[in-house]
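Student: Got a minute to walk through this one with me? I'd like to start with a pocket.

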Amino acid sequence: MEDPWEKSVTYSLNTIFLLFSAYLVFVMQIGFAMLCAGSVRAKNAVNIMLTNVVDAVVGSISFYLFGFAFAFGSGSNSNPFIGTNLFALSGIPNDTYDYSFYLYQWAFAIAVAGITSGSIAERTQFSAYLVFSFFLAGFVYPVVVHWLWSSDGWLSIGSSNLFLGSGAIDFAGSGVVHMVGGVAGFWGSLILGPRVGRFDAFGKPVPFRGHNASLVVLGTFLLWFGWFGFNPGSFEKILVSYPDTSDEGNWTSTGRTAVVTTLAGSTAGLITLFGRRLIIGHWDAIDVCNGLLGGFVAITSGCSVVEPWAAIICGFVSAWVLIGLNIMALKLNYDDPLEAAQLHAGCGAWGLIFTGLFAKEKFVIQVCDRGVTGVSRPFGLLLGGGWALIGAQIVELLAILVWVSITMGPMFYVLHKLKLLRISKDVELTGLDISTHGGAAYTHHDDDFPSSFADFIRLRDNES
């Protein structure tokens with residue numbers, strides 16, 4: 001039996017692990033801010049950075065007041081759809097949750113609103129961000145969290161009544177976090193419509209390149225760094241040993257999860273690099289960064305239950321999912337400045353399906369049952385695990401798509417009808433920084449160098 005001192009040390013080390021993971025996930029907010037700032041035009045840089053700050057602070061208040069309760073509240077009135085207690089952290093800490101767990105979940109919640117912000121950038125009224133951030137982080141996202149990550153949730157792998165005898169595995173949130181943010185962003189961008197001048201009179205896309213590739217690359221690396229808290233940190237406890245072995249526990253699983261995450265993202269980045277080179281004729285840094293992030297998004301669901309070789313497959317497919325969805329978006333005159341809907345919703349959906357195909361039984365038991373021997377769990381279809389897990393993954397995908405659509409779609413539509421969503425054409429052409437935020441992000445200089453690949457081609461041809 002574990003003595004009080006040993007129990008105290010174990011609890012302390014697990015708390016340190018979870019808090020450190022929360023800090024890493026919070027670093028992703030800096031990554032989002034830099035990625036967004038670099039991906040928009042210079043005249044809107046202040047606006048998009050401010051909206052990232054607003055997403056974080058407004059989401060913090062709504063998740064504290066309502067979100068955590070809707071996500072993890074349980075008790076005598078518990079139900080599989082939504083939590084019913086712990087509002088404003090009343091009753092925290094308790095036997096199940098403490099403040100470090102809340103902080104970790106909070107870092108996830110504010111990331112969701114940051115995803116959506118990218119889809120509606122450069123043409124949205126600032127007040128609209130206040131509304132959707134509060135609603136998304138305080139209600140829409142937490143309900144999905146309850147379905148998957150609460151022991152009462154109807155899709156949870158920890159439920160006493162497993163859906164399809166399996167439950168859905170969404171370990172760190174390809175669906176819970178990324179699909180929710182991406183689908184919400186899709187509806188916002190669709191209802192807003194394209195930016196002025198994004199498509200010409202014949203419906204052909206006009207390039208609107210982001211103004212600072214350096215910020216995009218910096219943001220991408222910060223997000224990569226934060227993902228090591230996002231995925232491995234989702235084990236929540238590191239000092240958990242597996243009874244069927246003397247040298248394995250959560251400490252080995254977290255390491256494997258970090259490796260799997262890196263391999264999926266790197267593969268996706270590499271495939272995007274060469275894939276886009278074949279399509280557009282040059283090496284594009286921003287495309288590679290988005291491809292890299294798409295690989296991370298896809299592996300987030302199954303990062304703890306797949307082998308490293310499977311991560312290569314995940315990243316390979318996610319790159320083509322993103323490339324294909326971006327081509328389709330342009331053909332349909334859909335305008336998403338950061339490719340957020342395609343990246344987070346599209347690659348997140350692939351991640352859920354991938355988990356249902358490649359989850360390894362041994363790893364599933366480690367995640368769900370702490371490696372207990374003699375336990376059987378549904379696992380990946382392509383590894384011989386049957387249809388139960390893949391069926392639950394597809395149901396999760398559809399449930400998230402429907403839930404976010406019937407909540408965020410009408411909210412954006414109401415804001416649009418009340419004329420609270422889109423800025424005027426004059427303001428959009430001028431830029432939000434000067435017209436709304438008191439000044440530009442940079443001192444303007446006229447630079448005598450090409451601003452786009454097309455300009456380079458024209459200058460090269462003129463000189464020859």
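Student: Which residues lie nearest the centre of the second largest pocket?
Tutor: Phe101, Phe235, Glu236, Lys237 and Arg370 do, out of 41 residues that line the pocket. Keep in mind that this is a predicted model.

Student: Which elements give two or more residues to that lining?
Tutor: Four helices are on the list: H1 (4-39), H3 (99-119), H4 (126-149) and H11 (361-369). H1 gives the most, with six residues.

Student: And what volume does the second largest pocket have?
Tutor: About 1,300 Å³.

Student: How do the lining residues divide into nonpolar, polar and charged?
Tutor: You get 17 nonpolar, 15 polar and nine charged.

Student: New topic, cysteines. How many disulfides does the count come to?
Tutor: Zero, with a pair of sulfurs having to be within 2.5 Å to count. Take Cys303: the closest cysteine sulfur, in Cys314, is 9.8 Å from its own, so that is too far for a bond. Cys347 is in no disulfide either, as its nearest cysteine sulfur, again that of Cys314, is 8.6 Å away.

Student: Are Cys303 and Cys347 buried or exposed?
Tutor: Cys303 is buried at 0% relative accessibility, and Cys347 is buried with a relative accessible area of 0%.

Student: Okay, Lys419. Where is that residue found?
Tutor: In the loop between helix H12 (388-417) and helix H13 (425-430).

Student: Why does Lys419 count as exposed?
Tutor: Because its relative accessible area is 68%, and the cut-off for exposed is over 50%.

Student: How far apart are Lys419 and Ala128 in space?
Tutor: 10.0 Å, C-alpha to C-alpha, while in sequence the two are 291 residues apart.

Methods: Residues are numbered from 1 along each chain as its sequence is written. This is a predicted model: local features need pLDDT of at least 70, side-chain atom pairs count only at pLDDT 80 or more; totals for chains, interfaces and linings use all residues. Side-chain values use heavy atoms; hydrogens and water are left out. Buried means under 20% relative accessible area, exposed over 50%, partly exposed in between (1.4 Å probe, protein chains only). On a 1 Å grid over the protein atoms alone, a cavity is a set of points where a 1.4 Å probe fits but cannot get out, and a pocket is an open set with protein on both sides within 12 Å along at least five of seven lines; lining residues have an atom within 4 Å of a point. Grid points are joined across faces, edges and corners, and a volume is the space filled by probe spheres set on the points. Ala, Val, Leu, Ile, Met, Phe, Trp, Tyr, Cys and Pro count as nonpolar, Asp, Glu, Lys and Arg as charged, and the others, Gly among them, as polar.
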